[in-house]
Amino acid sequence: MSQTEPLDQDPVFQLKGSMLAITVLELARNDLDALDRQLAAKVALAPNFFNNAPLVLALDKLPAGQGVIDLPGLMRVCRSHGLRTLAIRASRIEDIAAAIAIELPVLPPSGARERPLEPLVGEEKKKPEKPPEPTIKPTKIITSPVRGGQQIYAQGGDLVVISSVSPGAELLADGNIHVYGPMRGRALAGIKGDTKARIFCQQLTAELVSIAGQYKVSEDLRRDPLWGASVQVNLSGDVLNIIRL
């Protein structure tokens, strides 16, 4: 027994079905000169669309009395414009015989409704659009104490408070929050979902801190050994981390 025979037990191929996008050229009349001119005009609109495009030649919709198709000549016209014929679709005996003579696959006539294929004019010149630049607003700076009942919101940026924040006061920012004084109120950073936002405070005695919807209230914060210290708060997954500055 040959040493290579056991290898034949392992399959070297698989047959799979697939739905492929293939252009169908449906011939309306037997006029290769007109086809050549009209294809040239169509290809000029979008050369890359037709370059090496797989093609099925549909001859099954030709009206009666159109005569014998020069199938090799038809394929040459298509090939000159970048279209590569994979098969024909035909019902007439003479068309099927011509395809068999040059070993071209023959597909049965289609009963399905097919939509006309029109490449986008000017697609060669179209460049991908750049994504819009994010709107960055200046940092909002508060220099006076923030009293209970006040709410301050820094839309589209960071909030900096260079003073104290009283109980009952609320700080909100789309970005980071900095408090250079006792922080006794509520601080909510990244309120539009920015998980990279952070909270910095000189003295953590807050009622609540929150980043991107994840929060801790004073009952949780008081149990932290850094309660009352100078800290930063960041988000890791769903967990708020309190780190000494």
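**Exercise 1. Get an overview of the fold.**
Task: Work out what share of contacts joins residues at least 24 apart in sequence, and how many helices and strands there are.

Solution. Start with contacts between residues at least 6 apart in sequence: 37% of them join residues at least 24 apart. Contact here means heavy atoms within 4.5 Å. Before going on, note that this is a predicted model, where local features need pLDDT of at least 70 and side-chain atom pairs count only at pLDDT 80 or more, while totals for chains, interfaces and linings use all residues. Residues are numbered from 1 along each chain as its sequence is written, and side-chain values use heavy atoms, with hydrogens and water left out.

Next, count the elements: the protein has five helices and 15 strands. These are DSSP runs numbered from the N terminus, helices being H or I with at least four residues and strands E with at least two.

Last, look at the surface. The protein has 245 residues, and 35% of them count as buried. Buried is under 20% relative accessible area, exposed is over 50%, and partly exposed is in between (1.4 Å probe, protein chains only). About 15800 Å² is exposed, with 54% of it from carbon and sulfur atoms. Those areas come from the Shrake-Rupley method with a 1.4 Å probe, and for residues only the protein chains shown count as cover.

**Exercise 2. Trace the sheet of four strands.**
Task: Find the strand order, then say which strands helix 3 touches.

Solution. Step one: the order in this open sheet is 1-2-3-4, and the pairing is parallel. Two strands pair if DSSP finds at least two bridges between them. In general, strands of a sheet pair through backbone hydrogen bonds, either parallel or antiparallel.

Step two: find the edges. Strand 1 (23-26) and strand 4 (106-107) each pair on one side only.

Step three: zoom in on one pair. Six bridges link strand 2 (residues 53-58) with strand 3 in the parallel sense, and Ala58 has Arg89 in strand 3 as its bridge partner.

Step four: add the helix. Helix 3 (residues 71-80) packs on the sheet and touches strand 1, strand 2 and strand 3. Its direction makes about 145° with that of strand 3. Axes are lines fitted to C-alpha atoms, for helices over the stretch in contact, and angles run from 0 to 180 degrees between N-to-C directions.

**Exercise 3. Now the sheet of five strands.**
Task: Give the strand order and follow the bridges through strand 10.

Solution. This open sheet runs 6-8-10-12-13, with mixed pairing. Its edge strands are strand 6 (151-154) and strand 13 (214-217), each pairing on one side only. From one strand to the next, the twist averages 10°.

Now go to strand 10. Three bridges join strand 8 (residues 170-173) to strand 10, and the two run parallel; here Glu170 is partnered with Arg186 in strand 10. Strand 10 (residues 186-189) also pairs with strand 12 (residues 208-211), in the parallel sense over four bridges. There, Ala187 has Val209 as its bridge partner, and Ala189 stands opposite Ile211.

**Exercise 4. Two polar residues in loops.**
Task: Is Arg92 buried or exposed, and what does the side chain of Thr205 reach?

Solution. Arg92 sits in the loop between strand 3 (83-89) and helix 4 (93-101). It counts as buried because its relative accessibility is 19%. The side chain of Arg92 makes a polar contact with the side chain of Asp95 at 2.8 Å. A polar contact is a pair of N or O atoms within 3.5 Å; within protein, one must be able to donate a hydrogen and the other to accept it, and residues adjacent in sequence count only if both atoms are side-chain atoms. A polar atom of the Arg92 side chain also lies 3.1 Å from the backbone oxygen of Gly67.

Thr205 belongs to the loop between strand 11 (199-204) and strand 12. Its relative accessibility is 19%, so Thr205 counts as buried. Its side chain reaches the backbone oxygen of Met183 at 3.0 Å. Thr205 and Met183 are 22 residues apart in sequence, with their C-alpha atoms 5.5 Å apart in space.
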